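Subject: Structure handover

Hello,

Here is the structure I promised to pass on. Please open it next to this message and read along.

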Amino acid sequence: MKGSQNSPFQRALKSIPGGVNSPVRAFGSIGGEPFFTERAQGHKLITTDGKTLIDYVGTWGPAIHGHNHPEIKSAIAEALEKGTSFGTPNTYEVPMAEQVIAAVPSVQKVRMVNSGTEATMSALRLARGFTQREKIIKFEGCYHGHSDALLVKAGSGALTHGNPDSAGVTQQAASDTILLPFNDLNAVNQAFEQNPRQIAAVILEPFPANMGLVLPDEDFLTNLQKIAHENGTLILFDEVMTGFRVAFGGVQELLGITPDLTAMGKIIGGGLPVGAFGGRTEIMDFLAPIGPVYQAGTLSGNPLAMAAGLKALELLVQHDPYDRLNELTLKLRSAMLESFSAKGIPVQIPTAPSMLSIFFSENPVRSFSDVMSSRKELFKPLFHGCLEKGVFLPPSPFEAWFISCSHDETAIDQTCEIMSEVIKTI
Ligand SMILES: *Cc1c(COP(=O)(O)O)cnc(C)c1O
């Protein structure tokens, strides 16, 4: 997988900026060339050069059932028979909305979109329209997609490439975004004091997972919500990553906290491009065509995408995999902790059901600045060592790893063994 003059990636570089259609796929922070995937099945990727890899990227979140799930495939095939897009209401949209409402505590009505980026961008516009206020609070290291106002100190690909801010975002677009450190209630209080009755919404990943997985302090989310509501400000949970993953109803179900608005994506599309946002009826009814906040999409609620997503959600209801996913996550964690401790390398491995990440740090990681002061360079040999031996980790120290329903004990045991060998060599 090393670079060569004639590699497929060298060819890609000639026709696609940076050779990739989304920056996280480039091996920017760990070096080397990305491989191409020929096909994927269950927890395995099969590369174009014939390697089989145990996959912990899970197409960056959607693949909670593993790749190429037979029932999701059949659902898409069945929908395909009837046509790919109608431009009128279709029979999949209402069951999808009803399923989301049943699953996610804060959602009484929901609007489908085509990506997580669209979901957060539209939900924020709605929050601004509803409150008639302009400013928003966002936390450092949280990623909410690539719309202008949210691409300020963002995580994920933006962070991986060493530039959490983007060129091309005007001062004006970013100037209504107030940036605060995660887990810092003093900073939150100060921001509200300095911007009385001006803050429409606080947007956050309730479990930030785009700077690696960072967990909220106990009571941080409840106190944050309390402060926001005392100031007439809406709480917008970006559960694009955590929705249907840490629990069927997301972090809000897991912790029993009900935000005003919720953005969703990834798992909800069953591997096709889907996002959604929802919340209380009184807020959602501010949307066009019945309200003054405009939002639209030619392919929104697309029948193929709805069929895939609906089946993905039905499978979660049917199998209720969360306890088992959590057990596998914790198993992987404890094996890694043991290997690192034997090697004398201090690490933090925060987990949520089906998610984990690793920080080379002696102290718990609570914020973006903690993330940045960890020993990120140690991730590189871990990543390449694992890849060499058949385990594909996210190609960046700032990403969460995902465990799917198709990762069995054998796959996890195999991973633990490979990890322990690799960790010895770091
Ligand atoms: C992935 C992600 C997004 C963006 O979703 P896209 O579908 O890539 O636009 C937004 N928020 C969070 C928390 C995400 O993890």
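Below is what turned up, from the overall fold down to the empty spaces inside.

First, a caution: this is a predicted model.

**Overall build**

The protein chain has 426 residues. They form 15 helices and 14 strands. The C-alpha trace spans about 55 × 55 × 45 Å along its principal axes. Is the chain a compact globule? What does its radius of gyration say? A compact globule with 426 residues would have a value near 22 Å, and the protein chain has 21 Å, so the two agree.

**Inside and outside**

Of the residues, 56% count as buried. The accessible surface comes to about 18,000 Å². Carbon and sulfur atoms account for 50% of that surface. Now take contacts between residues at least 6 apart in sequence: 71% of them join residues at least 24 apart.

**Empty spaces**

Rolling a probe the size of a water molecule over the atoms shows where empty space is left. How many cavities of 30 Å³ or more does the search find? There are two in the whole structure.

- The largest has a volume of about 70 Å³. It is lined by 13 residues, and Asp55, Gly58, Ala63, Ser404 and His407 are the closest to its centre. The lining has four nonpolar, seven polar and two charged residues.
- The second largest has a volume of about 60 Å³. Its lining includes Phe359, Phe360, Phe379 and Phe398, along with Arg375 and Lys376. By class, this lining has seven nonpolar, one polar and two charged residues.

Best wishes

How values were computed
Residues numbered from 1 in each chain as written. Predicted model: local features only at pLDDT ≥ 70, side-chain atom pairs only at ≥ 80, totals over all residues. Heavy atoms only, no water. 1 Å grid on protein atoms, 1.4 Å probe; cavity = no way out; pocket = protein on both sides within 12 Å on 5 of 7 lines; lining within 4 Å. Points joined across faces, edges and corners; volume = space filled by probe spheres on them. Nonpolar A, V, L, I, M, F, W, Y, C, P; charged D, E, K, R; others polar. Helix = DSSP H or I, 4+ residues; strand = E, 2+ residues; numbered from the N terminus. Rg over C-alpha atoms; globule rule 2.2 N^0.38 Å. Buried < 20%, exposed > 50% of the residue type's maximum accessible area, 1.4 Å probe, protein only. Contact = heavy atoms within 4.5 Å. Areas by Shrake-Rupley, 256 points an atom, 1.4 Å probe, with all protein chains shown as cover.
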